[in-house]
Each structure stands twice: as structure tokens, then as C-alpha cells.
Amino acid sequence: MKLIFLGPPGAGKGTLAAKAVDILKVPHISTGAIFRAAIAAKSPLGLKVKAIIDAGKLVDDATTIALVKERLAQGDAQKGYILDGFPRTIPQAEALAGFSAVDRVVNFELPDPAVLERLGGRRVCRNCGLNYHKVFNPPKKADVCDVCGGEVYTRDDDREGAIRKRIEVYRDQTAPLIDYYRKKGLLADVDAQPTVDQVVENFKQSLALKG
């Protein structure tokens, strides 16, 4: 099964993709992972991406599309895949349709207040990188990592202003894909607010999966 995962920041797409990989036995493919793999392989496209990133620029559509096409041509993606982070725009979606036919687009719905609560409460250990949440998973001692004793802090990306900006970018750039795929009859909406286990059940029901 060839899937695309859509959803705002904080919707838990990465966590849900890991669960879906176990269910569907297909690879989870994110643009970030593709970029890192291409750079590590020192392929021509990888060297190009490295130069772009080192210059502090965003990877352009043409390069991103070429890398995704290259990745989907690999053996493990022939029976299906879960695309996460691509496409981000309608032009990217149109390009994808030119080399791979998607079976379903799963739209994980999460309202803005819930995004702010999830991401705004996120904390990370400055020393070992362990993740916490001030509401759902706080450290036993305030601001101190349970494992290594390092400082638990709020990243700049998780401050309210930065989160609101990320939501704005998503709504402006990526949300139009929801209408695009809905009109094609490919969209499946899944409520991302319940527990992970319940969201997984909702996901399976949306795709008529058993087990």
C-alpha cells in the first residue's frame, strides 16, 4: 500500500508511521531521512543537497522531487511506502503523480490549540536528548533528566511564537493538499487527538485494515 501522511506539527506522524510500518510491512520514508542518506552516500544529488544545506538554503522542489523519485525506485519501496513530509505543495503532488500512484492519503487532524499544547509542553534533556512533556511525561524532578541528571529545557522551536509560525506555514503551504487529495477521492481523515493506540485503531479502520 502506497500512503502519504499529512498533518500539522505535533500530530504525531512519526510515531504513527512507526506503528504503521509494523502493520503494513512497508518503509517509512521522510524527506529528512532521504536527504541524510543521499548526503551520506555522496551521490551526485546528495552532494548537491549538502551544498544547499551548508549554504543555509532550503532544498528546491526539483532536487527534492528527484531524490524522492530515486528513493521510491529502490527495492524495499516496490510493495508500498509511507511518505512523510512529501509532498508539501500541490506542484510536488503533481510531480509525484507522474512517477508513483498513491493508494491513500491519511490526514491526521489536530486543531491548533492541541498543537500548541503538545509542542509547547515538549521538553528535552540538554545532555542526553531524552524527550519529556510538562503535562504528559514530566521528569520526576522539575527540569532535571531522570536518566542522566542533565538540564531539561524548552527548545527555541518549541516556544509559542515559533510553534504558531510553523502552524501558519503548514496551513498556508501544505493544507491545500487536503482539498487536492479529497477531490481525487484519496483522502482519509483520522482524528489525532486520542491516545496513540486509539489513533492507530482509527487509522486501521480508515484503511479497512484488520488485525
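## A briefing on helices, cysteines and backbone features

Val196 is found in helix H9, which runs over residues 196-206. The model you are looking at is predicted. Beyond H9, this briefing visits four cysteines that UniProt lists for "binding site" in an unreviewed entry, three helix pairs, and a few backbone features.

**Val196 and its surroundings**

- With a relative accessibility of 37%, Val196 counts as partly exposed.
- Setting aside residues up to four places away in sequence, Val196 touches Thr15, Leu16 and Lys19.
- Val196 and Leu110 are 86 residues apart along the chain, while their C-alpha atoms are 13 Å apart in space.

**The four cysteines**

- Which residues does UniProt list for "binding site"? The unreviewed entry names Cys125, Cys128, Cys145 and Cys148.
- Although these cysteines span 24 residues in sequence, no two of their C-alpha atoms are more than 8.6 Å apart, so they gather at one spot.
- Cys145 sits in the loop between strand E6 (131-133) and strand E7 (152-153), and Cys148 has its place in the loop between E6 and E7 as well.
- Is Cys145 buried or exposed? Its relative accessibility is 4%, which is under the 20% cut-off, so Cys145 counts as buried.
- Cys148, at 34% relative accessibility, counts as partly exposed.
- Not counting residues up to four places away in sequence, Cys145 touches two of the listed cysteines, Cys125 and Cys128, along with Leu130, Tyr132, Gly150 and Val152.
- With neighbours within four places in sequence left aside, Cys148 is in contact with Cys125, Asn127 and Cys128.

**The annotated lid region**

- In an unreviewed entry, UniProt places the feature "domain: Adenylate kinase active site lid" at residues 122-157.
- How far apart are the end C-alpha atoms of residues 122-157? They lie 10 Å apart.
- The span of residues 122-157 is 0% helix and 25% strand.

**Helices H6 and H7**

- Helix H6 (residues 112-120) packs with helix H7 (residues 160-174) at an angle of about 135°, and their axes are 10 Å apart.
- That angle makes H6 oblique to H7.
- The crossing of H6 and H7 is right-handed.
- On the H6 side, the contact is made by Asp112, Val115, Leu116, Leu119 and Gly120; on the H7 side, by Glu160, Ile163, Arg164, Arg166, Ile167 and Arg171.
- Sorted by class, the contact of H6 with H7 has five nonpolar, one polar and five charged residues.

**Helices H4 and H5**

- Helix H4 (residues 61-72) and H5 pack at an angle of about 35°, with axes 11 Å apart.
- Which hand does the crossing of H4 and H5 have, left or right? The crossing is right-handed.
- Asp61, Thr64, Ile65 and Leu72 of H4 meet Pro91, Gln92, Ala95 and Leu96 of H5.
- By class, the contact of H4 with H5 has five nonpolar, two polar and one charged residues.

**Helices H2 and H3**

- The axes of H2 and H3 come within 7 Å and cross at roughly 110°.
- H2 and H3 are therefore roughly perpendicular to each other.
- The crossing of H2 and H3 is left-handed.
- Phe35, Ala38 and Ile39 of H2 make the contact with Gly46, Val49, Lys50 and Ile53 of H3.
- By class, the contact of H2 with H3 has five nonpolar, one polar and one charged residues.

**Backbone features**

- As background, most residues other than glycine have a negative phi, and most peptide bonds are trans.
- Which two residues are joined by a cis peptide bond? They are Phe86 and Pro87, with omega at about -5°.
- Pro87 has its place in the loop between strand E3 (81-84) and helix H5 (90-97).
- Lys42 is not a glycine, yet its phi is positive, at about 55°.
- Look for Lys42 in the loop between helix H2 (31-41) and helix H3 (44-54).
- Lys42 counts as exposed, at 64% relative accessibility.
- Asp143 is another residue other than glycine with a positive phi, near 65°.
- Like Cys145, Asp143 lies in the loop between E6 and E7.

Notes
Residues are numbered from 1 along each chain as its sequence is written. This is a predicted model: local features need pLDDT of at least 70, side-chain atom pairs count only at pLDDT 80 or more; totals for chains, interfaces and linings use all residues. Side-chain values use heavy atoms; hydrogens and water are left out. UniProt positions are given in the numbering used here, feature names are shortened, and annotations may be inferred rather than shown by experiment. Helices (H or I, at least four residues) and strands (E, at least two) are DSSP runs, numbered from the N terminus. Buried means under 20% relative accessible area, exposed over 50%, partly exposed in between (1.4 Å probe, protein chains only). Contact means heavy atoms within 4.5 Å. Axes are lines fitted to C-alpha atoms, for helices over the stretch in contact, and angles run from 0 to 180 degrees between N-to-C directions. Angles under 35 degrees count as roughly parallel, over 145 as roughly antiparallel, 65 to 115 as roughly perpendicular and the rest as oblique. A crossing is left-handed if the near helix is turned anticlockwise from the far one by less than a right angle, and right-handed if clockwise. Ala, Val, Leu, Ile, Met, Phe, Trp, Tyr, Cys and Pro count as nonpolar, Asp, Glu, Lys and Arg as charged, and the others, Gly among them, as polar.
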